[in-house]
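Here is my note on the model you sent. The points cover the fold and then the charged pairs.

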Amino acid sequence: MSSVDHARPRRSVLAVPGSSDKMIEKAKGLGADAIFLDLEDAVAPVAKAQARGRIVAALNAGGWGNQLKVVRVNDWSTPWTHGDVIDVVSGAGAHLDAILLPKVEEASHVQALDLLLTQVEKTSGLPVGAIGIEPQIESARSLRNIDAIATASPRVQTLVFGPADMMASVNMRTLVVGEQPEGYDTGDAYHHILMTILLAARTHGLQAIDGPYLQIRDLEAFRRAAGRTAGLGFDGKWVLHPTQIDAANEIFSPRQADFDKAEEILEAYEFHTSESGGARGAVMLGDEMIDEASRKMALVISGKGRAAGMLRSDAAQ
């Protein structure tokens with residue numbers, strides 16, 4: 001059985017080129033919940049083999065703090081995927097939390113990675129199943145096959161939206177990743193895609209992670225884009241620059257007032273539904289009636305807040 005941890009927060013997921021020792025070292029001191037060292041788009045074909053070695057050395061060197069450590073390998077249509085997995089996992093698998101697999105279009109892509117990971121774990125003396133898989137949803141076909149992808153392996157931890165490739169896949173008429181295409185002046189052009197990913201993630205007990213906002217100097221626009229997906233219920237978003245990390249951590253954490261109220265609801269509901277509290281199914285909390293549905297909603301906010309290390313205002317004083 002897999003020992004993969006699905007619950008650790010991924011509010012901010014920092015992308016770091018695997019070919020840059022300087023950027024990898026800098027990432028270790030940043031406050032992102034997760035960091036993925038990239039062997040795909042951020043690394044030129046001639047530099048991929050060397051980048052694998054840099055990543056292995058960086059993972060083994062330590063100094064990472066509590067960040068989730070992920071490596072994005074190349075997709076299965078390339079000649080590099082098996083080499084990426086074998087070199088990185090055999091070299092530094094004990095320090096690796098997950099493999100991010102891009103351009104996943106069907107369940108067999110995840111299953112193939114699962115099988116390869118199992119073989120490398122066994123030959124390297126690593127616990128089988130400890131390394132997770134994060135499939136990246138980047139095309140119309142992947143969106144249609146999303147439930148099969150989500151359930152293809154017990155290693156799957158998250159579903160990750162890849163906006164640029166998705167926009168190209170559906171022929172969206174824009175060159176600005178994450179922004180609304182010209183002419184689409186009502187609603188959100190990405191809403192169906194985002195909700196499909198989110199519903200699949202929630203159905204199968206996974207996290208849902210939004211992709212990057214490429215205009216890295218426009219922090220206000222980043223906050224606007226992140227706020228949309230956080231509002232839907234996504235767990236986090238990729239960040240491409242250190243300036244985006246604090247914004248992502250804030251936006252994908254509950255507001256303090258909401259966290260305090262959620263904790264109060266849970267406390268009150270637990271007492272009033274107990275025998276000593278009257279064993280009631282619905283009670284008043286101030287001017288608001290709370291019941292089992294209220295408890296479920298509060299559990300979501302409370303769970304995210306506790307995972308992010310939040311405390312109630314009265315407890316923090």
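**Notes on the barrel and its salt bridges**

1. This is a predicted model. Strand β1 (residues 12–17) pairs with strand β2 (residues 34–38). The pairing is parallel and runs over five bridges. A15 has F36 as its bridge partner in β2.

2. The wider sheet is a closed barrel of eight strands, in the order β1-β2-β3-β4-β5-β6-β7-β8, with parallel pairing. On average, neighbouring strands are turned by 25 degrees against each other, direction ignored. Helix α9 (residues 219–232) packs on this sheet and touches β7 (207–210) and β8 (236–239). The directions of α9 and β8 make an angle of about 150 degrees.

3. The whole structure holds 20 salt bridges. One of them joins R72 and E40, with the closest N and O atoms 3.1 Å apart. R72 sits in strand β3 (residues 68–72), and E40 in the loop between β2 and α2 (48–61). They are 32 residues apart. R72 is buried because its relative accessible area, 5%, is under 20%. E40 is buried too, at 4%.

4. E106 and R141 form a salt bridge at 2.5 Å, N to O. E106 is in the loop between β4 (98–101) and α4 (107–124) and R141 is in helix α5 (residues 140–144), so the pair ties together parts 35 residues apart in sequence. E106 is partly exposed at 24%, and R141 is partly exposed at 46%.

5. R155 pairs with E121 in a salt bridge, closest N and O atoms 2.7 Å apart. R155 lies in the loop between α6 (146–150) and β6 (158–161), E121 in helix α4. Both residues are buried.

6. Which residues do shared salt-bridge partners join into one network? They are D38, E40, R72, K103 and D165.

Key
Residues are numbered from 1 along each chain as its sequence is written. This is a predicted model: local features need pLDDT of at least 70, side-chain atom pairs count only at pLDDT 80 or more; totals for chains, interfaces and linings use all residues. Side-chain values use heavy atoms; hydrogens and water are left out. Two strands pair if DSSP finds at least two bridges between them. Helices (H or I, at least four residues) and strands (E, at least two) are DSSP runs, numbered from the N terminus. Axes are lines fitted to C-alpha atoms, for helices over the stretch in contact, and angles run from 0 to 180 degrees between N-to-C directions. Contact means heavy atoms within 4.5 Å. A salt bridge is a side-chain nitrogen of Lys or Arg within 4 Å of a carboxyl oxygen of Asp or Glu. Buried means under 20% relative accessible area, exposed over 50%, partly exposed in between (1.4 Å probe, protein chains only).
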